[in-house]
Amino acid sequence: MKKDFHISGMHCASCAMNIKSVLNKVPELKNVEVNFASEQASVEHDGDFPKDKVGSAVESLGYKAHFDEDNKDQTPEDAAELESKRELNELKTKLTWSTFFTVLLLIGAMFIQAPEVLRNPWVMLIFATPVQFWVGAQYYKSMWASLKNRLANMDTLIAIGTSVAYFFSLAVLLFEEQLIQLGIEPHVYFEVSATIITLILLGKYLEKRARGQASSAIRKLLDLQAKNATVVRDGKEIMIPVDQIVVGDTIIVKPGEKLPIDGEIIKGETSIDESMVTGESLPVEKGVGAKVIGATVNKSGSIRIVATKVGENTLLAHIIETVKRAQASRAPIQKLVDKISSVFVPIVIILALITFLMWFNFGPEPAFVRGLVSLISVLIIACPCALGLATPMSIMVGTGKGAENGILIKDAEALEVANKINYIVFDKTGTLTYGKPEVDGFEIVARDTDPQFIKNAILAVEKLSHHPLAEAVVRYLSNDTEVPEAEGFVDRSGFGVKATVNGKPVLIGTKKLMESENIEVTKEADKLAEGWRDKARTVSYAAIDNKIAALIGISDLVKPNAKEVVATLKKMGITPVMITGDNAKTAKAIGEQLGIQEILSEVLPQDKANKVKELQEGAKVVAMVGDGINDAPALATANIGIAMGEGTDVAIESSGVTLLRGDISLVPKAVNLSKSTVKNIKQNLAWAFGYNVILIPVAMGVLYPLFGILLNPILASGAMALSSVSVVVNALRLRTKKL
């Protein structure tokens, strides 16, 4: 079983790594993931969830785990939002006081004209102390909790760096003469420790506010849900909360109201705005028998619907859960970052000590002070936050952006893989075409059999089949006359069907079916079939009593935007491929209409997955787009499966990406979203790695021998605070990206 819960109090990627480390020690848990950006943990467990052990493990590090059952009246998202607001308010209060004291300290330290009282070291101590031990208390608590578990995080660096500045300054006040005798310049750095804490706090405040914007996608989806509904029970109309609706309830939805659950219209006609769920901008006309989606808006007529899915089984609930899973998942590119984050803080502490020793032993006078300043700068400028935020922030924004546009991404791996696609394989029926074929040619070729019997026999057999082509034939041949009963019905997948009508064997299907049953196809029938195939018709052969009796020509109209989608993919450097059970000639005719050169025809359903494997040879990345049960193996085999939302649940479950409406123009948009998100991740990682690789050596003093530049710890803290904010802001740019 899987369990997700919110964790408050995390400050950086190292926090998340440390929490993951202690949770991995809880024996009942496995596959632990902790996401710093979303502040969520995801674990798997057997049996009952060990809530007490998990809570204690998290609290041992100074953080707090929030579980669903702690407050029955709140959703996990509501609880997380309230906790986030509380933390923001606390940060704001501390930031206000910290800024006030820090400004006074900076005035006293930097301006000779400042009032004498502000330049007095003992007054500076009074101003610096609440900043160090009240505002900065969180860093000490976090450091102590981490050290007890033999771990370290960003708070460790901040606590050590500011403590060095504060306690050295205090030592100057108490032991000034002794320090002079030791050759150490007695200079106070109270303004340095206070400014570092204030700037880092400002960065955290800005970062947390921005992260709240990044996670707004789930909040928007939750806000779509209707709160109440009008239900007919015992012949009376009553208003009840949505969570009290059960499957089978009849619900009245008036114009302008939201549909409370998924259902089917049983009375009335209307147009429904589905944009908030599917991204479709135009209202959709709906009548009796039409499926409707919860949280969409009834625009015109009053309708009655019967509830078919409620609670967590509705489409909106599924979308919300999928987005949550995707935002909490880890992209493959994150593995390198995790390895670096796990050793980042200890390495920085070692580098800081080496820096001090190098300056103290080999630096110019005052060597001790220069070494001390450089040590503080190294501790403060290092930023594991930017590294930890780089990937998950982009994933959060990217998956949220996708959901808003009708593109549901199952996990971060799917988002990353979609960036590398070489081939996109389209199942023809229902994907490139409408999937609602119509008979536009019917020719009886048996001259010695009653034409009406031929029609009735075909109709009797096809009524027992659920294939879309069979349904088209039934619609075409249906009449008011009595139809004989078919017996011994057999469905040969990929070939056709067979049965017995009035004692005569009837076969309907492909030419291969006829050949396998030793039915001779006449030249007249072959010629007619070839002509129909040239017009992109699918040809079904009907044989009665072991002789060809009729030919059925069926067309499935190509979707109007399919050709444009194919052209767009080609411009993106992706090769579109069409796969179909149609014969080569019909498939080629449709391919020519669409501009697809790569065509896989006469492919049986069970062979689709093998065709995908063939395309994958040579480390090629293959995406499969489909909507049927028979597409599921191919969707699962492909590097990334893309399911049409109007397809079957099996197809959707087998896919990494689901398009929430049957519009293939979303396919290039999904690829574009992936490319934009991966590009954004790489930008964030380049900045985060570059920042640390370049500025840590600067803080150590590599520029001093050449340019006489020694980094001020105050500037170091400002750069550190801005580094993580810049990563968050860059990730938020994805929200404005046009797909």
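Okay, let's start at proline 366, which sits in the loop between helix 13 and helix 14 (367–381). What is the peptide bond from glutamate 365 to proline 366, cis or trans? It's cis, with omega near -5°. That's worth a pause, because most peptide bonds are trans. And keep in mind, everything I show today comes from a predicted model.

Now step back into helix 13, which covers residues 334–362 and holds isoleucine 350. That isoleucine belongs to a nonpolar surface patch of about 440 Å², which Ile350 makes together with Ile354, Met358 and Phe362. Here's something to put beside that: UniProt, in an unreviewed entry, lists "transmembrane region" features, and one of them is at residues 343–362. Others in that record include 95–115, 685–707 and 713–732.

Let's check what the model does in two of those spans. Residues 95–115 are 76% helix and 0% strand, and the C-alpha atoms at the two ends lie 25 Å apart. For residues 685–707 we get 87% helix, again with 0% strand, and 29 Å between the end C-alpha atoms.

Inside the 95–115 stretch there's a tryptophan I'd like you to find. Tryptophan 97 is in helix 3, residues 76–110. Its relative accessible area is 44%, so we call tryptophan 97 partly exposed. How far is it from valine 131 in space? The C-alpha atoms of tryptophan 97 and valine 131 are 8.0 Å apart, although the two residues are 34 positions apart in sequence.

Then jump to leucine 710, in the loop between helix 28 (704–707) and helix 29 (713–732). This leucine is partly exposed too, at 24% relative accessible area. From its C-alpha to that of leucine 201 is 24 Å, with the two positions 509 residues apart along the chain.

Okay, the overall layout. The protein is divided into domain 1 (1–69), domain 2 (226–313), domain 3 (328–404 + 668–738), domain 4 (406–431 + 558–659) and domain 5 (432–555). If you take the centres of domain 3 and domain 5 over C-alpha atoms, 68 Å separate them.

Next up, charges. Side chains of opposite charge can pair when their charged atoms come close. How many salt bridges does a search of the whole structure find? The count is 23.

Here's one to look at: arginine 304 with glutamate 237, at 4.0 Å from N to O. Arginine 304 is in strand 13 (residues 303–309) and glutamate 237 is in strand 6 (residues 236–241), so this pair ties together parts 67 residues apart in sequence. On the accessibility side, arginine 304 is partly exposed at 28%, while glutamate 237 is exposed at 52%.

Another one is glutamate 524 with arginine 447, at 2.8 Å from N to O. Glutamate 524 is in helix 21 (residues 523–534), and arginine 447 is in the loop between strand 16 (438–444) and helix 18 (451–462), so the parts being tied together are 77 residues apart in sequence. Glutamate 524 counts as partly exposed at 44%, and arginine 447 as exposed at 63%.

A third: lysine 512 meets glutamate 602 at 3.4 Å, N to O. Here the link runs from helix 20 (residues 511–516) to the loop between strand 23 (598–600) and helix 24 (608–616), across 90 residues. There's also a network, where salt bridges that share partners join Glu530, Arg533, Asp534 and Lys585.

Last topic, the backbone. Strand 17 (residues 486–492) and strand 18 (residues 496–501) pair antiparallel over 5 bridges. In strand 18, valine 497 is the bridge partner of aspartate 491. The hairpin has 3 residues between its strands, and glycine 494 takes a positive phi there, near 85°.

Which values of phi are less expected? Most residues other than glycine have a negative phi. Yet aspartate 545 has phi near 55°, in the loop between strand 20 (538–544) and strand 21 (547–555). At 37% relative accessibility, aspartate 545 counts as partly exposed. Alanine 619 also has a positive phi, about 60°, and lies in the loop between helix 24 and strand 24 (622–626). Is alanine 619 buried or exposed? Exposed, at 71% relative accessibility.

How values were computed:
Residues are numbered from 1 along each chain as its sequence is written. This is a predicted model: local features need pLDDT of at least 70, side-chain atom pairs count only at pLDDT 80 or more; totals for chains, interfaces and linings use all residues. Side-chain values use heavy atoms; hydrogens and water are left out. Patches are made of residues with over 30% relative accessible area and no salt bridge: like charges are joined within 9 Å, nonpolar side chains (Val, Leu, Ile, Met, Phe, Trp, Tyr) within 5 Å. Accessible areas come from the Shrake-Rupley method with a 1.4 Å probe; for residues, only the protein chains shown count as cover. A salt bridge is a side-chain nitrogen of Lys or Arg within 4 Å of a carboxyl oxygen of Asp or Glu. Helices (H or I, at least four residues) and strands (E, at least two) are DSSP runs, numbered from the N terminus. UniProt positions are given in the numbering used here, feature names are shortened, and annotations may be inferred rather than shown by experiment. Two strands pair if DSSP finds at least two bridges between them. Domain bounds come from an automatic or database domain assignment. Buried means under 20% relative accessible area, exposed over 50%, partly exposed in between (1.4 Å probe, protein chains only).
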